[in-house]
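Here are some short exercises to work through with the structure open beside you. Try each task before you read its solution.

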Amino acid sequence: MTRVIHTGDTHIGYQQYNSPQRREDFLEAFRSVVEDAVADGVDAVVHAGDLFHDRRPSLVDLQGTVEILRTLDDADIPFLAVVGNHESKRDAQWLDLFADLGLATRLGADPEIVGDVALYGLDFVPRSRRDDLEYAFEPIPDAAEHATLVTHGLFEPFAHADWDTEEVLEESTVDFDAVLLGDNHKPDTAEVMDTWVTYCGSTERASASEREDRGYNLVDFDEDGGVAISRRGLADTREFVFVDVELEAGEGVDRVQERVRQHDLEDAVVVVTVEGEGKPITPATIEEAAIDRGAMVARVNDRRELPDEDEEVSVSFADPDAAVRERVRELGLSDAARSIDKTVRDDDLVDSNVRETVERRVRDLLEDDESAFDPAPERAPEDEDVTTVADELAGDDASGDPSAAADAESVAANGGEAAATADDEPEAAEAETESAPADEDSSDEPTDDSVDADTASLGDFA
C-alpha cells in the first residue's frame, strides 16, 4: 500500500489582518503538516498549489519554507507539487528553485513514481488558455498500479466551479484513479466517472468564511486498485472565535458585548457578525473591548442596512458617482488603469487592503505586459464606446450628467486623481499591507491572465 499526504493552499507569507503573527501562523501550519508526515512515515507529501500567497514571497518566508522542506528531505519523504494561481510567475517558478536544491519535484506530464503510484501534475491554467489544453500525459509505467493527477483550480462538481472535470478525464491520455485538487479552501470529495476527485482544503483560514477546522487529506492506494481518502485536522492552528449576534429591536452594543464576553478570546482571531433590527453600533468599540480581553485580532461585520435615525431631515446632493464617471471618461485611461480604478472603487474591499491589492495588480499587469499602462487611444467623452469601471460598478451605461459633474466637481477631481495616479505611477503603489480574499476582506487581482487567476481562485473565495 502507498500512503501520501495531500495538502495545498498553505498561502505562506499571507499577513492576514496586517498581523505579523498571522503571517507566522501560515508557515507554522505547513510545518505541522510536514511534522505529521515524518511522524507517520508517509510515502510522499503532495501539494496541490498555492504554497505561497504571493508570487514574490519575502526572504523570511523562503527561508522558513526551505527549512521545513529540509525536514522532509532528511526523512527521505519526497515533496511533490504543482504551481497555483497565487504564486504563478511568467518565468521560472519558486518550485523550480526548490527542485534545483533537491527539496521538491514539480509534477508535470511525465509521471513521478511513488510506491506503486504514478503521479502527474497540471499547474493552474487561466480560463482564457484552457481551450488550448490537450491533457497529454506520458503513459503509465509498468511498475505503477495507480495513476493520480494533481492540479489547481475550481473543478466541478464543487462550489464556484469553472472547470469541467469530466472533460479533463475524457480528454486525458491517462486513466486516473484519483484527482488531487487545490484552490477551493473547503475540503470535499466526490466521484466523477469512477474517479475520486478531492479537495484537501487550506491549512489556515485565509478568510473569515472558512469556519471548518483546517487540515489535509490522507490518501491510501491499496494493492487491489482501491483508493481511500480520509481527513485529518490540524490541532494547532490559530483559534478563530465566531460570534454571531442577532439583535432584537431596541438592543445594541451592550448585547453584542455580552455575547462576546461569553467566549475565551485569549490569542484568538475574533470575528463578530451582527444582524437583526437593533440599534446602530460602533464596531471599533467592540473590537477594542475584545483586544482588551486578550484577542489577537478582532473584526466586526455589521451586515444590517440601518435606516437613517433622522428620517425627517432631507438633504439633496448632486450624484457624485455620475460626476466621477464623467471625469474618468475624460481621462482616456488604458484598460490596465481602468482595472486599477475598479479596485480602488470596489466597495467589497476594505480600506486597509486597498494599497496592497493595487500594488499586486500593478505588478501583475506590468509582468504580463510592459505596455499595459500605455495611454489609451484618444476618444471623446461622448463616444458611445467609452465605458468606465465606474459605469460597470453602477450597473448602467450612462454617459454622465454634466450638471451633476459641475455640482460635484471636487468629488470628480478626487476620483479622477486616484485613477490617474494608478495609471501614471504604478510603482508608487508599493506597500506592506495585507491583501485578502474577496469574501473576507480581500482576492485568489490580476488582468487577463491575472483576472482569470483571480476569478478562479478561492483564496479569493466567493
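## Exercise 1: a hairpin and its turn

In the hairpin formed by strand 11 and strand 12, five residues lie between the strands, and G225 there takes a positive phi near 95°. Keep in mind throughout that this is a predicted model.

Task: find how many bridges join strand 11 to strand 12, and in which sense the two strands run.

Solution. Step one: locate strand 11, residues 215–221, and follow its pairing with strand 12; seven bridges join them. Step two: compare the directions, which are antiparallel. Step three: pick out one pair to confirm the register, with N217 having R231 of strand 12 as its bridge partner.

## Exercise 2: a loop arginine

Task: decide whether R238 is buried or exposed, and find what its side chain reaches.

Solution. Step one: place the residue; R238 sits in the loop that links strand 12 (227–233) to strand 13 (240–247). Step two: apply the cut-off for burial, which is under 20% relative accessible area. R238 has 18% relative accessibility, so it counts as buried. Step three: look for a polar partner; the R238 side chain reaches the backbone oxygen of D267 at 2.9 Å. Step four: list the surroundings. Leaving out residues up to four places away in sequence, R238 touches Q21, R22, D25, E204, R205, D267, V269 and M296.

## Exercise 3: the three-stranded sheet

Task: work out the strand order of the open sheet that holds strand 13, then find which helices pack on it.

Solution. Step one: trace the pairing; the three strands have the order 13-14-15 and pair in parallel. Step two: find the edges, strand 13 and strand 15 (297–302), each of which pairs on one side only. Step three: from one strand to the next, the twist averages 15°. Step four: examine strand 13 beside strand 14 (residues 269–276), where eight bridges join the parallel strands. Within this pairing, F240 has V269 of strand 14 as its bridge partner. Step five: add the helices. Helix 5 (residues 253–261) packs on the sheet, touches strand 13 and strand 14, and points at about 150° to the direction of strand 13. Helix 6 (residues 283–292) also packs on the sheet, here touching strand 14 and strand 15, and its direction makes about 155° with that of strand 15.

## Exercise 4: two packed helices

Task: describe how helix 1 and helix 2 pack, then look at F26 in helix 1.

Solution. Step one: recall that a pair of packed helices is described by the distance and the angle between the axes. Step two: obtain both values; the axes of helix 1 (residues 20–40) and helix 2 (residues 59–74) come within 9 Å and cross at roughly 10°. Step three: classify the angle; helix 1 is therefore roughly parallel to helix 2. Step four: name the residues in contact, including L27, F30 and V34 of helix 1 and I68, L69 and L72 of helix 2.

Step five: turn to F26, which lies in helix 1. F26 has a relative accessible area of 0%, so it is buried. Beyond its neighbours within four places in sequence, F26 is in contact with T10, H11, I12, Y14, Q16, E204, R205 and A206. The C-alpha atoms of F26 and T237 are 8.5 Å apart, although 211 residues separate them along the chain.

## Exercise 5: a buried serine

Task: find which side chains make polar contacts with that of S202.

Solution. Step one: place S202 in the loop between strand 10 (195–199) and strand 11. Step two: check the burial; S202 has 0% relative accessibility and so counts as buried. Step three: read off the partners. The side chain of S202 joins that of E210 in a polar contact of 3.2 Å, and that of R214 in one of 2.7 Å. Step four: not counting residues up to four places away in sequence, S202 touches G8, D9, H185, E210, R214 and G215.

## Exercise 6: the whole chain

Task: find what share of the chain counts as buried.

Solution. Step one: take the 462 residues of the chain; 52% count as buried. Step two: add the accessible surface, about 21,400 Å², of which 43% belongs to carbon and sulfur atoms.

Technical notes: Residues numbered from 1 in each chain as written. Predicted model: local features only at pLDDT ≥ 70, side-chain atom pairs only at ≥ 80, totals over all residues. Heavy atoms only, no water. Helix = DSSP H or I, 4+ residues; strand = E, 2+ residues; numbered from the N terminus. Buried < 20%, exposed > 50% of the residue type's maximum accessible area, 1.4 Å probe, protein only. Polar contact = N/O pair within 3.5 Å; in protein donor to acceptor, adjacent residues only side chain to side chain. Contact = heavy atoms within 4.5 Å. Pairing = 2+ DSSP bridges. Axes fitted to C-alpha atoms, helices over the stretch in contact; angles between N-to-C directions. Areas by Shrake-Rupley, 256 points an atom, 1.4 Å probe, with all protein chains shown as cover. Parallel < 35°, antiparallel > 145°, perpendicular 65-115°, else oblique.
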